[in-house]
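Dear colleague,

Please find the structure below, handed over for your consideration. My findings follow it.

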Amino acid sequence: MVGKNFLVLSGLLLLAGFFIFDHITSRSLWLDEALVANSLKTPLLKIHTQVIYNNQSILYLYVIKLWSLGIGESEWSLRSFSALFAFLLIILMYFCGRELFKNKAAGLWSAGLAATNYFLI
């Protein structure tokens with residue numbers, strides 16, 4: 001039988017998914033996103049030369065380039081990489097809150113605050 005905490009955490013992830021993916025492409029690219037999108041036109045082995053033009057780390061540029069080779073270079077695909085880490089953050093917040101306060105309810109509250117955080121949406 002699935003536990004109550006698992007169901008609540010799953011519900012929070014669904015809620016966050018709705019908030020994030022509902023309008024993931026409704027806004028135009030921000031400057032830093034546009035610079036990264038422009039950097040993706042560079043071949044993989046020369047992507048490190050793009051660090052001069054934008055404020056991203058070399059590792060991020062390589063990882064997002066590999067991500068775009070598999071998913072594509074659309075607005076949705078670029079932002080879905082960040083959305084993946086938003087979901088991982090919600091799960092991490094649950095475990096951190098649970099371990100820090102030794103209370104599963106605190107973990108759920110932490111995950112809930114992360115799931116409804118405006119900056120993740």
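The notes below cover the basis of the model, its nonpolar cores and two individual residues.

This is a predicted model, in which local features need pLDDT of at least 70 and side-chain atom pairs count only at pLDDT 80 or more, while totals for chains, interfaces and linings use all residues. Residues are numbered from 1 along each chain as its sequence is written, and side-chain values use heavy atoms, with hydrogens and water left out.

The largest nonpolar core (buried Ala, Val, Leu, Ile, Met, Phe, Trp, Tyr and Cys residues joined through side-chain atoms within 4.5 Å) has ten residues, among them Leu-9, Phe-87 and Ala-115. Helices α1, α4 and α5 (104-115) each supply at least two of its residues; helices here are DSSP runs of H or I, at least four residues, numbered from the N terminus. The most comes from α5, with four residues. A second, separate core of eight residues includes Val-36 and Phe-81.

Ser-80 lies in helix α4 (residues 75-101). Ser-80 counts as buried because its relative accessibility is 6% (buried is under 20% relative accessible area, exposed over 50%, partly exposed in between, with a 1.4 Å probe and protein chains only). Beyond residues up to four places away in sequence, Ser-80 touches Ile-24 and Trp-67, contact being heavy atoms within 4.5 Å.

Thr-25, by comparison, sits in the loop between α1 (4-22) and α2 (31-39). With 43% relative accessibility, Thr-25 is classed as partly exposed. Setting aside neighbours within four places in sequence, Thr-25 contacts Glu-75, Trp-76 and Arg-79.

Yours sincerely
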